Structures are given as C-alpha cells and as structure tokens.
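Open your viewer, set the chain to cartoon, and keep the selection box at hand. We will go from stop to stop, and at each one you can pick out the residues as they are named.

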Amino acid sequence: MQTEKRLSTEIDANVPTAARMYDHYLGGKDNYAADRAACEELDKVVPSTRRLAVNNRRFLQRVVKTLAAEHGIRQFLDHGSGLPTQNNVHQIAQGIAPESRVVYVDNDPMVLVHGRALLEQNERTAVIHADMRDTDGIFSHPETQRLIDFSRPVAVLFNSVFHCIPDSETDGPPAVVRRVAERLVPGSFLVMCQLVSEDEKVREFVTGFMDQVTQGHWGRVRQEKDVAEWFEGMEILEPGLVEVSTWRPDSEVAPRQLTQEWIEFGGVGRLG
C-alpha cells in the first residue's frame, strides 16, 4: 500500500537537490552555490559525472525520438523530470507529432515553478508536483487525466531517477514499476535507467555522500543486476540493457562514456 508523500513547496538554496545538481552538470543556470559545491566534492571521487549527465540527457532525447517516430507513441509520462533544459521531452515528441501530450512529474518545487513558466502556452503539456512513488496520485491527478488516455499506449519515463529513492517493499523501484505497469495497456513502454557501479567502494561513497548532502532525499547506487530485475516480463528493445551512451547512438563518433567508475545503465521495455 502506498504511503502518503508530503512535499515541501519551499525552495531551500542551502540544501542541494539532485535536480539542481543535474542542471549544473548540464550547464544550466537554475542551481545554487550549495549544488555546485556538492558537485565539486562528488567529482573528486567520480570525475566522469558531468559527461555521464550529458550522455544520459542525450539518451533520453534519442529514446523519445525513437518511441515517437518509430512506434507511434503520442503520450509521455516523465517521472522525476528535473529542471527544463534544451530539447525537452515535449519539444522532441511534439516536433515529430504536434498532437503529442506530455506530463512531467517532479517533487522539487523549483522544477514546478520553472516548468510551469515554460509551458504556459503549451496546452498539451503539464508539470505536476508529486513524488514519483505516488502512483495513485500521479495517475489520478487532474492534469494527468486531462492529457493522458490510459486506454491507449503510453511511454512512462524513469530516466536517471530511481537512485533517488531507497529500497522498500512498498515504495522501492520494483514496487513502483509493478504499480505503473499494472495501469498500462499492452504496447506501452517503460524507460528506466539509473546510476550503477560494480565497485562496492564507489557505491558506498556516492550513496552516503548524496544521502548526507541532500538530507535524506536519496536512495542508493545499485548494480546492473538490480536494474535488469525491473524489466522482467517485458520485451526489451534493442540493443538491450546497456550503458546509455551506447543505446542507438546518433553516429559512430557520438560521445561515449569513457570512464567506468559508475555509469548510467538501463534501456526500454515494451509491455505485452
């Protein structure tokens, strides 16, 4: 049974958030000194993080383009969407098919403010303030109900977000995936990736560091086998579950993840 998620509407510039740290790594301006300082400390142990963030964003863009252009998906539900940047999900999907509808979900109040300002003139896109684990609340939200027809295929995105939530029988990633999948019709897609490392010391350091600096708004760095379990029972699109810079790259010279202390690992699954 899902627990009620209490969300703060206050923006605390002194406590780093994953969304604002990600924004900094992508070259954005919607972050604070605390976020940048946390990134600097993280880089001392995992120096490939900026490249990892850029490659992850490019993966998301390629996935949305593939699902819209090759599979005819016109509905996207993006969990933990983060701060708006260039080539967002709605811009890619609506660039291919203007009728595409997108709902962004995030628990960071700063995302809500910036997202709604960006989307004021876009009636086919909405941003809602919710915890990604609150499946009932997200699916029943008035904006979700207005834009998403769950009798038709939907692409549900969990792009680089599951490491932000801890393990739990009721609210950990496997439970969230099951709840979401139960509400989707065959032909829908789940896009999932997260930070993984096969190095136990890296997993322990990053998990502990991020949990401390975000004041508990963190889960853990996991292993590839953990991610693979989320896709059980789904048809996994080629090239399978991979380090995300190698998922259908735009060209042979596209940027790759060069260091392996940790990586973004995942892929795209289709429900039968």
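What follows is a tour of a predicted model, stop by stop.

**Stop 1: the helix α1**

Begin by selecting residues 18-25, which form helix α1. Is this helix mostly covered or mostly uncovered? It is mostly covered: seven of its eight residues are buried. Show A19, R20, M21, Y22, D23, H24 and Y25 as sticks to see those buried residues. They pack against α2 (33-45), α3, α5 (109-118) and α9 (200-213).

Now add α3, residues 49-71. The axes of α1 and α3 come within 9 Å and cross at roughly 95 degrees, so the two helices are roughly perpendicular to each other. On the α1 side, the contact is made by Y22, H24 and Y25; on the α3 side, look for T49, R50, A53, V54, N56 and R57.

Next, bring in α2. Its axis and that of α1 are 9 Å apart, at an angle of about 75 degrees, and therefore this pair is roughly perpendicular as well. Here α1 uses R20, M21, H24 and Y25, which meet D35, R36, A38, C39, L42 and D43 of α2.

**Stop 2: a buried acid in β1**

Select D78, in strand β1 (residues 75-79). This aspartate is buried yet has no salt bridge. Which side chain of opposite charge is nearest to D78? It is R57, 6.0 Å away. Leaving out residues up to four places away in sequence, D78 touches V89, V103, Y104, V105 and L157.

V89 takes you to helix α4 (residues 89-96), where it is one of the buried residues along with H90, I92, A93 and Q94. The cover over these residues includes α3, β1, β2, α5, β3 and β4.

**Stop 3: the nonpolar cores**

Select L77, F158, F162 and M192. In the largest nonpolar core, which has 32 residues, these four touch the most other members. Elements that each supply at least two residues of this core include β2 (101-106), β4 (155-159), α8 (173-182), β5 (189-196) and β8 (263-270). Center on M192 and, beyond its neighbours within four places in sequence, you will find contacts with F158, F162, V177, W230, F231, M234, F265, G266 and G267. Another core, of 26 residues, lies apart from the largest one; F76, I92, V102 and Y104 are among its members.

Stay in β5 and select F189. With a relative accessible area of 1%, F189 is buried. Its contacts further along the sequence than four places include L67, H71, I73, V156, L237 and V268. Try a distance label too: the C-alpha atoms of F189 and M234 are separated by 8.9 Å, although their positions lie 45 residues apart along the chain.

**Stop 4: salt bridges**

The model holds 13 salt bridges. Select R74 and E99, whose closest N and O atoms are 3.3 Å apart. R74 is in the loop between α3 and β1 and E99 in the loop between α4 and β2, so this pair ties together parts 25 residues apart in sequence.

Then move to R270 and E235, which meet at 2.8 Å, N to O. R270 belongs to strand β8 and E235 to strand β6 (residues 235-236), so parts 35 residues apart in sequence are tied together. Both R270, at 23% relative accessible area, and E235, at 45%, are partly exposed.

Finish with D167, R220, R222, K225 and D226, joined into one network by salt bridges that share partners. Within it, K225 and D226 meet at 3.5 Å, N to O, and D226 is buried, with a relative accessible area of 10%.

How values were computed. Residues are numbered from 1 along each chain as its sequence is written. This is a predicted model: local features need pLDDT of at least 70, side-chain atom pairs count only at pLDDT 80 or more; totals for chains, interfaces and linings use all residues. Side-chain values use heavy atoms; hydrogens and water are left out. A nonpolar core is a set of buried Ala, Val, Leu, Ile, Met, Phe, Trp, Tyr and Cys residues joined through side-chain atoms within 4.5 Å. Buried means under 20% relative accessible area, exposed over 50%, partly exposed in between (1.4 Å probe, protein chains only). Helices (H or I, at least four residues) and strands (E, at least two) are DSSP runs, numbered from the N terminus. Contact means heavy atoms within 4.5 Å. Lys and Arg count as positive and Asp and Glu as negative; His and the chain ends are not counted. A salt bridge is a side-chain nitrogen of Lys or Arg within 4 Å of a carboxyl oxygen of Asp or Glu. Axes are lines fitted to C-alpha atoms, for helices over the stretch in contact, and angles run from 0 to 180 degrees between N-to-C directions. Angles under 35 degrees count as roughly parallel, over 145 as roughly antiparallel, 65 to 115 as roughly perpendicular and the rest as oblique.
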